[in-house]
Structures are given as structure tokens and as C-alpha cells.
Amino acid sequence: MSVLLFGVSHRSAPVSVLEQLSTDESDQAKIVDEILQSSLVTEAMVLSTCNRVEVYAVVEAFHGGLSVIGQVLSEHSGMSLQDLTKYAYVRYAEAAVEHLFAVASGLDSAVIGEQQVLGQVRRAYATAEANHTVGRILHELSQRALSVGKRVHSETGIDGAGASVVSVALDMAENRLGSLAGRSAVVIGAGSMGALTAKQLLRVGVERIHVVNRTLPRAKQLAENIRGHGIAAEAFPFDHLPPLLTDADVVVSCTGAVRPVVSLADVHRGLAHGQEKNLVICDLGMPRDVDSTVAGLPGVHVIDMERIQREPSARAASSDADAARAIVAAEVARYLAGQRMAEVTPTVTALRRRAADVVEAELLRLDNRLPELDAAHRDEVANTVRRVVDKLLHAPTVRVKQLASAPGGDSYAEALRELFELDQHAVDAVAAGELPLVATDLDTTE
């Protein structure tokens with residue numbers, strides 16, 4: 001079984017397509033449940049961010065698994081399978097591993113080096129684990145991807161060019177308005193992106209922040225955190241948005257809603273009572289938080305994800321990106337070597353069990369032929385036979401693990417099964433955990 005990735009991202013599709021595919025947590029759970037109804041898929045998880053929707057699955061067969069995932073996503077998005085595949089990309093086995101490591105490292109983000117995607121990968125895995133839709137393969141893959149992402153951010157300066165989509169959006173807003181220091185801002189959405197937005201607004205020196213959220217207690221919590229940094233902040237429900245726009249200079253919306261939360265009427269009412277001014281609205285939602293017609297209002301400038309993706313500052317310095325890619329490549333090779341070694345382990349264990357069974361059978365024959373042999377001598381003979389067998393098998397079993405770690409190493413496990421006439425059912429039983437490991441001197445791996 002291998003990992004199959006089916007995805008659509010900002011690199012393969014326009015924002016309008018990503019909006020159709022955008023999912024919330026309940027949708028993601030339904031998608032995974034439907035995918036796992038197929039006997040061809042044993043594990044699955046969905047990674048959905050503002051820039052991508054990706055399904056990672058462990059499949060019995062490539063084409064069958066691909067068909068299942070494509071059909072489920074087609075039905076949930078309302079797109080025909082033919083239209084969906086125009087924008088999709090597929091990665092399998094090693095390529096799927098490399099892609100997830102790159103995503104977790106921020107190398108595939110709209111803003112190269114973005115740190116938030118690492119948290120999004122963590123949440124995708126945690127959700128799948130809580131729903132019991134991941135097994136050993138996706139568990140190990142996800143954990144390693146998170147480790148790789150942390151290493152890239154700690155050992156390179158990849159996030160130095162732009163810590164997040166938010167920071168790039170605010171830089172673009174400053175290019176339009178001038179310095180944001182001393183200005184007033186509105187943050188729509190009090191989730192993780194809202195908290196990040198508040199942090200970035202503090203960095204640029206805004207004087208006042210209004211937090212708008214569907215759930216008022218959550219907005220109040222974020223406002224309280226902002227006030228803890230010495231900045232004036234208040235929380236409001238959604239129906240208070242229009243009057244807040246009167247005094248606002250910049251609005252950042254990042255709710256994760258499935259349809260626009262800022263309408264043309266909202267913005268028009270907010271500006272109708274104020275003086276003629278410039279208002280910058282940063283729409284970081286996917287799908288869009290802000291109605292597309294808002295950009296047509298005089299004095300209103302909308303910065304959306306498409307604009308951010310085209311911004312030169314959204315790309316990290318090439319040297320840092322190269323260093324990150326080198327880490328990812330090394331970690332991919334290390335992970336795959338470990339997986340190949342793990343795949344040969346059941347065969348080696350089955351061989352050890354076969355050898356142990358042969359030894360015990362021969363000792364039983366010895367007992368039948370020499371019933372008068374005392375216990376001390378019998379134990380000495382038994383220990384000698386076991387040591388001989390262990391020493392004979394030690395070098396080939398250690399060596400086959402080393403050879404198996406290289407690309408194409410799975411052929412060595414097959415050769416071992418052929419040479420020693422190992423029963424494939426016995427190997428499968430060990431792999432499934434149905435038979436315990438045999439503890440002998442062969443366990444050493446020097």
C-alpha cells in the first residue's frame with residue numbers, strides 16, 4: 001500500500017475554483033468518510049487551507065484510489081470530474097511524501113516560508129486522528145512532516161521575507177495608505193488567523209483595533225489580549241460592522257466562512273456616514289469573505305489572495321528557499337529509507353522465527369534419541385546450536401536491512417523469502433502484529 005495525494009492549490013487553479021472546493025471541518029469529515037467506504041482506501045485525511053484542498057490517502061491500488069477520491073471531491077464541490085481534473089495534481093508514493101514535506105515547510109505556500117501552514121497540517125492530522133481515519137502510515141508521515149517543517153523554520157531564514165499572508169497584505173496596505181502607525185483597524189474573525197492579524201497590526205503600530213466576530217465571547221477574548229499589549233481594542237458582533245467602517249483605515253477579514261460576510265451594502269453604509277477617505281480591505285478568506293462588487297466603490301481598495309500571490313515580497317530569498325529544499329530532500333530520503341527498512345523487517349523476523357522453529361525441532365529430536373542426557377548437558381547443546389544459527393544468520397539479516405534502505409530495496413526482501421522458502425502468510429502475520437518478534441542475537445544491527 002502507498003500514499004496517494006489528490007490536490008488543488010493556488011499553483012494549479014484560480015481562486016474561483018478553490019472557492020468551489022473550499023470545505024469546513026464537517027465537510028472534511030464527510031469527504032473522508034465517503035472515501036473510506038471504498039475497500040481500496042484504508043487511511044485518509046484532508047488538508048484544507050486558504051490556498052489548497054488536498055486529500056492524502058493510503059490506497060491498495062493507484063488508479064482505483066484516484067478514481068474514488070476524484071469522484072468524492074467532484075460530488076462535494078459540484079464540479080464535474082472532467083473539470084476538476086483540469087486543475088488537480090496527483091502525487092504518489094515518494095512524490096506524495098516530498099510534497100507534504102514541502103507544504104509543511106512553507107515551500108508551496110502563496111507566501112514562501114509561511115509558518116501558518118505548519119499549524120494547518122498539524123490540525124488536519126489531529127482531526128483525522130480524532131476521527132480515527134489515519135493508521136500507521138499516515139500517522140508516521142504526518143509526524144515526520146511536522147518535524148521537517150519545524151526544522152526548516154529553525155535552521156533557515158525562509159520565513160524572513162514575509163512571516164505570513166497577513167504581513168504581506170499589510171505591507172501592501174501601507175503601500176496604498178502610507179504608514180499604518182496611529183491608524184484604526186477592523187479585524188473580522190477571531191480565530192487563529194484573526195489572532196495573527198492582530199499581532200501583525202500591533203507590529204505596524206496601529207492605534208486602535210475593533211474585533212468583529214459571529215461569536216462575541218471569542219471576539220472579546222481577542223480584544224482583551226490586544227489590550228494586554230497596550231492598544232485600545234473593543235469587540236463587536238457582525239451587525240455592528242457598517243458603523244465601524246466609518247473610522248477604519250484598514251480592514252482585515254479572515255473568517256473561514258463558506259460565503260462572503262462583508263457585503264456591498266455593509267461597506268456602502270459604513271462609508272456613507274463618513275468623510276471621503278481611502279479604505280483598504282484585506283480579504284484573506286478562502287472562499288472570499290468580501291463581496292467582489294465592493295472593489296468597485298470609490299475610495300475602496302481590496303487586496304485579495306490573487307493579488308497577494310502576485311506580490312514579489314511574497315517570495316522568500318532564493319538562498320533560504322534553496323536551503324529549505326535541501327533539508328526537505330534529505331528528510332525525504334531519510335524517511336523513505338526508514339520505510340523501506342520497516343518493510344523488510346517482517347521478512348527478517350519471519351526468518352528468525354523459522355530458524356528458531358528448526359532449532360526447537362532438532363532439540364526435540366535430540367531429546368528423543370538421547371533421553372538419558374542430563375539437563376545441564378542438554379542446555380549446553382541447546383545454547384550452542386542457537387548461537388551457531390544466530391551467528392550464521394546475523395550477517396545476511398543485518399545486510400539485507402541495509403540494502404533494503406536504498407531505492408529498489410524491496411527486491412531484497414523478496415530474495416530472502418525465495419532463498420529460505422519463507423511462507424508469505426507468516427510474513428504478513430508478522431507485519432500485521434499477529435505474531436510476536438523473536439528475541440535473539442539477530443536483533444543487533446551493527
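This tour goes through the sheet, the helices on it and two helix pairs of a predicted model.

Start with the sheet. Select its four strands, which form an open sheet in the order β2-β3-β1-β4 with antiparallel pairing. At the edges are β2 (41–49) and β4 (89–92); each has a single partner strand, so one side of each lacks a neighbour in the sheet. From one strand to the next, the twist averages 15°.

Next, select residues 2–9 and residues 52–59. These are β1 and β3, antiparallel strands joined by eight bridges. To follow one bridge, pick S9, whose partner in β3 is R52.

Now add the helices on the sheet. α2 packs there and touches β2 and β3, its direction making about 155° with that of β2. Select residues 94–104 for α5, which also packs on the sheet. This helix touches β1, β2, β3 and β4, and its direction is at about 140° to that of β3.

Keep α2 (residues 25–36) and add α3 (residues 62–77): the two pack at an angle of about 145°, with axes 9 Å apart. The crossing of α2 past α3 is right-handed. Show side chains for D27, K30, I31, E34 and I35 in α2, which meet V68, I69, V72, L73, E75 and H76 in α3. The residues of this contact comprise six nonpolar, one polar and four charged.

Finish with α6 (residues 116–130) and α7 (residues 136–155), whose axes come within 10 Å and cross at roughly 160°. The two helices are therefore roughly antiparallel to each other. α6 passes α7 in a left-handed crossing. On α6, select L118, V121, R122, Y125 and E129; on α7, the contact is made by H139, S142, Q143, L146, G149 and K150. Four nonpolar, four polar and three charged residues make up this contact.

Definitions and conventions: Residues are numbered from 1 along each chain as its sequence is written. This is a predicted model: local features need pLDDT of at least 70, side-chain atom pairs count only at pLDDT 80 or more; totals for chains, interfaces and linings use all residues. Side-chain values use heavy atoms; hydrogens and water are left out. Axes are lines fitted to C-alpha atoms, for helices over the stretch in contact, and angles run from 0 to 180 degrees between N-to-C directions. A crossing is left-handed if the near helix is turned anticlockwise from the far one by less than a right angle, and right-handed if clockwise. Contact means heavy atoms within 4.5 Å. Ala, Val, Leu, Ile, Met, Phe, Trp, Tyr, Cys and Pro count as nonpolar, Asp, Glu, Lys and Arg as charged, and the others, Gly among them, as polar. Angles under 35 degrees count as roughly parallel, over 145 as roughly antiparallel, 65 to 115 as roughly perpendicular and the rest as oblique. Two strands pair if DSSP finds at least two bridges between them.
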